[in-house]
Every structure is written in structure tokens, then in C-alpha cells.
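Biologist: Could you take me on a close walk through one part of this model, the place where the two chains meet? I would enjoy one connected account, with the numbers left in.

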Protein chains: 2
Amino acid sequence: MNEKLKPKDVLIETASRLFRLRGYCGVGLNDIIEESGIPKGSLYYYFPEGKEQLAIEAIIHTKKLVMEEIRTVFDGISDPIDAFQAHVYELSKVFGEGGNPVGSPIGTIAGEKHSTSEPIRMACESAFRDWQSIYTEKFLEGNYTEQQSTNLAIVLHALIEGGILLALTMKSGKPLEAIAEQIPLLLIKK
Amino acid sequence: MNEKLKPKDVLIETASRLFRLRGYCGVGLNDIIEESGIPKGSLYYYFPEGKEQLAIEAIIHTKKLVMEEIRTVFDGISDPIDAFQAHVYELSKVFGEGGNPVGSPIGTIAGEKHSTSEPIRMACESAFRDWQSIYTEKFLEGNYTEQQSTNLAIVLHALIEGGILLALTMKSGKPLEAIAEQIPLLLIKK
């Protein structure tokens with residue numbers, strides 16, 4: 001248990017980490033209680049609606065975390081090609097050999113719950129839209145048209161979601177490296 | 001229960017469908033028994049090692065199904081750009097409005113189990129490699145170099161996995177349409 005965080009935040013942080021690694025259904029509330037060291041009563045006090053409510057908070061937490069990670073890489077790199085290459089190379093290190101792969105940010109939960117929990121699906125959609133907004137903004141800064149910027153943001157996001165899935169499944173950073181190398185072609189201005 | 005199939009095949013087909021829709025952990029053996037109409041005893045007769053064994057057979061089944069789907073689209077389209085665009089537009093129809101989205105083929109299971117079941121992870125990796133082989137072959141036929149063909153196959157596969165995830169989460173075929181539109185740029189020969 002991280003002593004610096006409030007119990008509610010510890011629960012959210014622990015849930016986020018476990019959901020990333022094992023998906024929504026693969027994590028029980030008891031796992032979260034055990035890993036966090038927070039008593040069961042507190043979990044139900046902060047999240048009276050239970051696992052679904054905690055999952056939505058975890059998705060919001062992960063969304064913000066990923067937004068910070070993207071912004072940290074993007075800051076100071078004005079060229080979109082360089083910025084996206086840096087972003088994907090950074091991911092290839094996290095998910096590659098010697099990295100510390102922590103699972104797909106929210107892709108697994110989205111895949112599991114899109115048809116069985118509308119509140120979770122909507123939280124995932126909101127995260128996807130927010131990430132894509134940062135991407136769109138970067139393209140607009142690089143003088144791509146509005147239409148191109150929106151479409152390329154979707155394409156880059158799909159590439160990154162798929163690349164993370166391939167990296168996790170193949171236990172290798174190579175799929176993300178291959179993606180980073182192709183980015184300049186994809187981002188040629190029409 | 002489909003009367004034309006053998007019980008073992010009905011179980012595999014039912015399990016494949018449910019795993020695609022709700023992931024590995026979201027489906028219990030009882031769901032498979034109920035949906036398939038096959039008695040519990042038969043399930044344990046054909047799959048004495050239980051759910052993990054059935055999941056691996058389901059992954060192999062889905063792998064073959066997807067390979068047939070890709071080959072059906074690719075046959076008769078010799079240009080890789082046209083072939084991949086047709087493939088992704090086809091997916092945009094399945095996953096878009098009025099389509100019949102059946103979940104990610106095996107992306108969700110891969111996301112859930114990559115760190116907790118090595119046999120399932122390996123079955124997913126094998127499916128991914130086989131799909132990528134068809135893609136690689138298509139590029140080689142289009143006179144891309146071996147290196148380019150292998151790398152582009154990975155990139156296209158990541159795009160498609162990510163595009164399916166986005167389509168399911170956003171309940172829209174638009175992410176896959178945006179991807180199809182960008183394919184010509186990505187496949188410019190260096």
C-alpha cells in the first residue's frame with residue numbers, strides 16, 4: 001500500500017494496474033483488496049456500486065495517465081512525424097525486452113465489455129476520443145488540414161492499440177518498432 | 001444447436017463466438033453448455049483439461065475462419081493496395097452500422113491471458129503469425145522487398161486489430177473506413 005495516497009486513490013491505482021494486466025473479468029474485488037491492502041469496507045464505502053463503478057474510475061485514471069505520457073513525449077517536438085515516431089519508440093521500449101509491460105491501457109476492458117456494459121463502453125470511448133484529440137491537435141499544429149488531422153489521429157490510434165496488443169502477445173517490442181519506422185510514409189501530406 | 005455439426009465442433013464453434021463477444025473470463029463453461037445445447041459430460045469428454053483447452057481449440061478455429069475470410073477478399077485482387085483496402089472496407093461493414101459485429105477475433109483473449117496462460121498466449125501468437133503470413137505473401141506478390149513485406153504485414157495487422165477495437169468501442173465502422181482511406185499512402189513503395 002502506497003502510504004502517500006488516500007485509500008480511494010490507492011484502490012483506483014491498484015484496480016487500474018490489475019485491469020490492464022488481466023482485463024476486467026480476470027480481476028476480482030478480492031484481488032484489489034489484497035493487492036491494495038485497503039479493507040473491504042472501505043472499498044464498498046468509496047465504490048458503493050461495486051466493480052463496475054471502480055472500473056469506470058480506473059479507466060478515467062488510466063486515460064489521464066496516458067494523456068500525460070503522450071504530452072510528455074510530444075512537448076518540445078513540433079514535427080508530427082518526429083513526435084509520433086518518438087511516441088511509438090517510447091512504447092516499444094516499455095513493451096519490449098527489458099521493459100515493464102503493464103498490459104494494454106484500456107483495450108482489453110473495451111474488448112471484453114463493449115457489448116455487456118454500456119457505462120464501461122462509454123468510459124472507454126471517452127478515453128479513446130481524448131487521446132485522439134491530442135493526436136489531432138499535433139497534426140493541426142503541423143499544418144495538416146482539419147479532415148486529415150482527424151483521420152490520421154484515428155489511424156495512428158488504431159496502429160498504437162494494435163501495436164501494443166501485438167507486442168504483448170508476441171512478447172516483443174518489434175511490432176511497435178516496425179510501426180514507428182513506417183510512420184513517415186503514413187504521414188506524407190496529400 | 002446446429003444439427004449438422006458434431007458435438008465437439010458445436011462446442012468449439014459456440015465457445016469461439018462467445019469468447020469473441022465477451023472475452024475469456026467473461027464466458028463460463030455453463031454459458032457454452034447452455035448456448036450449444038451439448039451436455040456437460042460431453043464437454044468434459046472432449047475437453048478433459050477444461051476451459052483452457054477449449055479456448056485453445058476456439059483460437060485455432062477462429063484463426064482458420066479469419067484466414068479464409070482474408071483469402072476470399074484477396075483472391076482475384078492482385079494489387080496489394082486494392083486488396084488491403086477491400087479487406088478493411090469489408091471489416092468496416094461487419095463492424096459498422098447495420099453490420100453484425102461479433103467481437104474481436106482473438107484480440108480480447110490475447111489481451112486478457114498474455115501474462116496468465118502461456119498456452120493461450122502461444123495459440124494467439126500463432127494465429128497472429130499465420131494472418132501476417134498471408135499479408136506478407138500479398139506484398140511479395142506485389143513486388144515489395146522481403147523486408148518491406150514483413151514489416152508492412154505487421155503494420156497492417158496492427159492497424160486492423162486496433163481498427164476493430166475502435167469500431168467495437170465506438171459502435172461505428174468509421175475508424176475502419178478512415179484506415180482503408182489511408183492505406184494507399186502507407187503502401188507507397190520506398
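Modeller: Gladly; what follows goes from the interface as a whole to single residues at the contact and elsewhere. Please keep in mind throughout that this is a predicted model.

Let us begin with the extent of the contact. Chain A brings 45 residues to it, and chain B brings 45 residues as well. About 4000 Å² of area is buried between chain A and chain B, and carbon and sulfur atoms account for 72% of that area. Specific polar pairings can be counted too: the rule finds 2 salt bridges across the interface of chain A and chain B, and there are 2 residue pairs in polar contact between these chains, both at pLDDT 80 or more.

Which elements of chain A build its side of the contact? Those giving two or more residues are helix H1 (7-22), helix H6 (107-113), helix H7 (118-141), helix H8 (146-170) and helix H9 (174-186) of chain A. The one that gives the most is H8(A), with 15 residues. Sorted by class, the side of chain A that touches chain B consists of 20 nonpolar, 15 polar and 10 charged residues.

Now for the symmetry. A turn of 180° with a shift of 0.0 Å along the axis lays chain A on chain B, with an RMSD of 0.0 Å. The two copies are therefore related as by a two-fold rotation axis. Both copies also use the same surface, in that 100% of the contact residues of chain A recur in chain B.

With that frame in place, we can look at one of the bridges between the chains. The side chains of Glu118(A) and Lys171(B) form a salt bridge, at 3.6 Å from N to O. This pair crosses from the loop between helix H8 (146-170) and helix H9 (174-186) of chain B, where Lys171(B) sits, to helix H7 of chain A, which holds Glu118(A). The two partners fall into separate accessibility classes: Lys171(B) is exposed, at a relative accessible area of 55%, while Glu118(A) is partly exposed, at 35%. The cut-off between these classes is 50%. The crossing pair also belongs to a wider network of salt bridges, which links Glu118(A), Arg121(A), Glu125(A), Arg129(A) and Lys171(B).

Another residue to visit is His157(B), which lies in helix H8 of chain B. Is His157(B) buried or exposed? Its relative accessibility is 1%, so His157(B) counts as buried. Setting aside neighbours within four places in sequence, His157(B) is in contact with Leu166(A) from the other chain, and with Phe128(B), Trp131(B), Gln132(B) and Tyr135(B) from its own. With one of these, Gln132(B), the contact is polar: the side chains of His157(B) and Gln132(B) come to 2.9 Å.

For context, here are some pairs within a single chain. Over all chains, the structure holds 20 salt bridges. One of the pairs within chain B joins Asp31(B) to Arg22(B), where the closest N and O atoms are 3.2 Å apart. Both residues are partly exposed: Asp31(B) has a relative accessibility of 28%, and Arg22(B) has a relative accessible area of 25%.

A further pair in chain B is Lys93(B) with Glu90(B), whose side chains meet in a salt bridge at 3.8 Å, N to O. Why do these two sit about one helical turn apart? Lys93(B) and Glu90(B) are 3 residues apart in helix H5 (residues 80-95) of chain B, and so about one helical turn separates them. Lys93(B) is exposed at 55% relative accessibility, whereas Glu90(B) is partly exposed at 38%.

Helix H5 of chain A, residues 80-95, gives us a last stop, at Ser92(A). This serine is buried, with a relative accessible area of 7%. A polar atom of the Ser92(A) side chain lies 2.7 Å from the backbone oxygen of Tyr89(A). Not counting residues up to four places away in sequence, Ser92(A) touches Gly173(A), Leu176(A) and Glu177(A).

To tie the interface together: chain A and chain B bury about 4000 Å² between them, with 2 salt bridges found across the contact and H8(A) giving the most residues on the chain A side.

Definitions and conventions
Residues are numbered from 1 along each chain as its sequence is written. Chains are lettered from A and ligands numbered from 1 in the order in which they are written. This is a predicted model: local features need pLDDT of at least 70, side-chain atom pairs count only at pLDDT 80 or more; totals for chains, interfaces and linings use all residues. Side-chain values use heavy atoms; hydrogens and water are left out. Contact means heavy atoms within 4.5 Å. Buried area is the accessible area (1.4 Å probe) that two parts lose on being put together, summed over both. A salt bridge is a side-chain nitrogen of Lys or Arg within 4 Å of a carboxyl oxygen of Asp or Glu. A polar contact is a pair of N or O atoms within 3.5 Å; within protein, one must be able to donate a hydrogen and the other to accept it, and residues adjacent in sequence count only if both atoms are side-chain atoms. Helices (H or I, at least four residues) and strands (E, at least two) are DSSP runs, numbered from the N terminus. Ala, Val, Leu, Ile, Met, Phe, Trp, Tyr, Cys and Pro count as nonpolar, Asp, Glu, Lys and Arg as charged, and the others, Gly among them, as polar. Copies are superposed by least squares on the C-alpha atoms of residues with pLDDT of at least 70 in both. Buried means under 20% relative accessible area, exposed over 50%, partly exposed in between (1.4 Å probe, protein chains only).
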